[in-house]
Amino acid sequence: MRGPSIVVRTVARWVVAFIFLYGIFIVAFGHLTPGGGFAGGVILACAFVLEVLAWGKESALAGFPFRVAKRLDSAGALLFLALALLGLLFAGGFFINVIQRVEPGQPLRLFNGGIIPLANLAIALKVCASLFLVMVVLSALRVRAGGSDADLASEEEE
Amino acid sequence: MVYVLCLLLFMVGLFGALTQKNLIKIIVSLAVMEYAVNVFLVVLGYRAGGSAPIVASAAEPARQFAAGSVDPLPQAMVLTAIVIGLGVLALLTAIALRLYHTYGTYDITKIRKLRG
Amino acid sequence: MTNLLVLLLAFMIIAAIVAIWTEDLLSSVIAVGAVGFGSSVAFLLLSAPDVAITQIVVEVLTLVILIRATVGREAHTVSGARDTFGLAVAGALVLMLLVFTVGVLGTLPPFGSPAVARVADAPSTAYLTEGLAKTGAGNIVTAVLLDYRGYDTLGEATVLFTAIVGAMALLRRRSRNAAPGKELQP
């Protein structure tokens, strides 16, 4: 049968969960240990890409639909912008760390740092959704050399 | 010496981008140029014997930490540059796939006539 | 440490030469993966763990995307008349650039003493000494990226968004007379 062998699929089933957990750890502790929103977002996207490679695009899209990914992408960017505007509204300057100014927490704990963990989360959402979209679109494509546009099989618009 | 090697890597990529005829090889040359520039930027910020710019404990005095750590500013800039490089590479691959679909080849000397 | 870094950069140069002038497309993509992994080890040697993590993961995704573009397509490079004039002009240009830039490299600070060590009022000194107190984040690189230089991160998010939307727009079906709801093939 076509597709990856059963060894690949069984191992991938366990590994996807670990990659996802590792990605969440890197994003959440981004302001304390090396990592941050970008690296964590790319690791989360890698978990979904592994699912696409091991089980095919339909299985990955069943768990994380196309339109949800598109909206999550835009939501991440808008959340980042909203956090920046919060600074403008409450502290008089674009992108000022309002939460840290108003109510500084204890240093080096998980839930302090003001705007920084939230901005990490927004960036991670955006990067993960974007890279998953690109991977799905690239693997949905079935090009034939010299074909016309009607042969270009791609995801239907939603 | 380290600077010269980074520059050599960049020149290798540049020469490849100028002379190669296969579209995928051109994309590969662009990726090599991008790696060279990233390494060069981080090398600029390195302090000999320095430690990573991560505060381990709040008890350590700030002056001592600042005197022993590497420069964090180039690292932050390179972080964004790496992720932007990935996005640009995805776009380039999409263009290459579209060209292959229309012309049937990756050879740029054959992609001449505007079609479709 | 410097010797190790020099050795690593020499390995990256050899891998890049292999990547660009080999005949097979798949070998070329794998060799550029070697360049990327070497660069990640170089970041680790230069005390930049954040950047090393990001480089490794981005390198893996780059390889997946590039292999997606090359597997199954024609895997041999072009045959045809070798364009010697073009090669000579490109070679002369690159050589000239190399000679002049090596002269400029002498004006750079010596390897191992960055601007923050030599200049008294470099911005990084302020970031390092009062980063924890003012932003509350232990990772100074994240503090710089999202608090001191948040505007640059906003620009980066915009650029990434545009690139991805462009890639998606390129690979979309153009003919509208296909039946809606037609299932796509993997």
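**Chain C, overall.** I first looked up burial in chain C of this predicted model: of its 186 residues, 38% count as buried. I then listed the secondary structure of the chain, which comes to eight helices and zero strands. Read from the N terminus, I recorded the order of elements as α-α-α-α-α-α-α-α. For contacts in chain C with a separation of 6 or more, I noted that 37% join residues 24 or more positions apart.

**Domains of chain C.** I found the chain divided into domain 1, residues 1–72, and domain 2, residues 116–173. I took the distance between the C-alpha centres of these two domains of chain C and obtained 24 Å.

**Loop between α2 and α3 of chain C.** I went to Ser47(C), which sits in the loop between α2 and α3 of chain C. Its phi is positive, about 60°, although the residue is not a glycine. Is Ser47(C) buried or exposed? I counted 23 C-beta neighbours inside 10 Å, and the threshold for burial is 20 or more, so Ser47(C) counts as buried.

**Helix α6 of chain C.** I compared the span of α6(C) with that of a straight helix. The helix has 13 residues, yet its end C-alpha atoms are only 15 Å apart, whereas a straight helix would reach 18 Å at 1.5 Å a residue. Where is the kink in α6(C) centred? I located it on Thr129(C), with an angle of about 50°. I also listed the buried residues of α6(C): Ser124(C), Tyr127(C), Leu128(C), Gly131(C), Leu132(C) and Thr135(C). Directly after the helix I recorded Gly136(C), which has a positive phi near 80°.

**Contact between chains C and B.** I recorded 83 residues from chain C and 77 residues from chain B in this contact. On the side of chain C that touches chain B, the elements giving two or more residues include α1 (2–21), α4 (84–105) and α8 (150–170) of chain C. Which element gives the largest share of that side? I found it to be α3(C), with twelve residues. By class, I noted 54 nonpolar, 22 polar and seven charged residues on the side of chain C that touches chain B.

**Largest nonpolar core.** I traced this core to 131 residues, and those with the most contacts inside it are Val42(A), Ala45(A), Leu9(B) and Val32(B). Its largest share, 19 residues, comes from helix α6 of chain A, residues 116–140. Domain 1 (1–72) and domain 2 (116–173) of chain C both give residues to this core, so I place the core between them. As background, I note that nonpolar side chains tend to be buried together in soluble globular proteins.

I followed one of the core residues further, Leu9(B). Setting aside residues up to four places away in sequence, I found that Leu9(B) touches Val32(B) and Ala36(B) in chain B, and Leu9(C), Met12(C), Ile13(C) and Ala16(C) in chain C.

**Asn22 of chain B.** I ended with Asn22(B), placed in the loop between α1 (2–19) and α2 (23–44) of chain B. I counted 21 other C-beta atoms within 10 Å, so Asn22(B) is buried. How far apart are Asn22(B) and Tyr106(B) in sequence and in space? I obtained 84 residues in sequence and 5.6 Å in space, C-alpha to C-alpha.

Note on methods. Residues numbered from 1 in each chain as written. Chains lettered and ligands numbered in written order. Predicted model: local features only at pLDDT ≥ 70, side-chain atom pairs only at ≥ 80, totals over all residues. Contact = placed C-beta atoms within 7 Å. Helix = DSSP H or I, 4+ residues; strand = E, 2+ residues; numbered from the N terminus. Nonpolar A, V, L, I, M, F, W, Y, C, P; charged D, E, K, R; others polar. Domains from an automatic or database assignment. Buried ≥ 20, exposed ≤ 12 C-beta atoms within 10 Å, placed from the backbone. Expected span 1.5 Å × (residues − 1). Bend = angle between axes of the 7 residues up to and from the residue. Core = buried A, V, L, I, M, F, W, Y, C linked by C-beta atoms within 7 Å.
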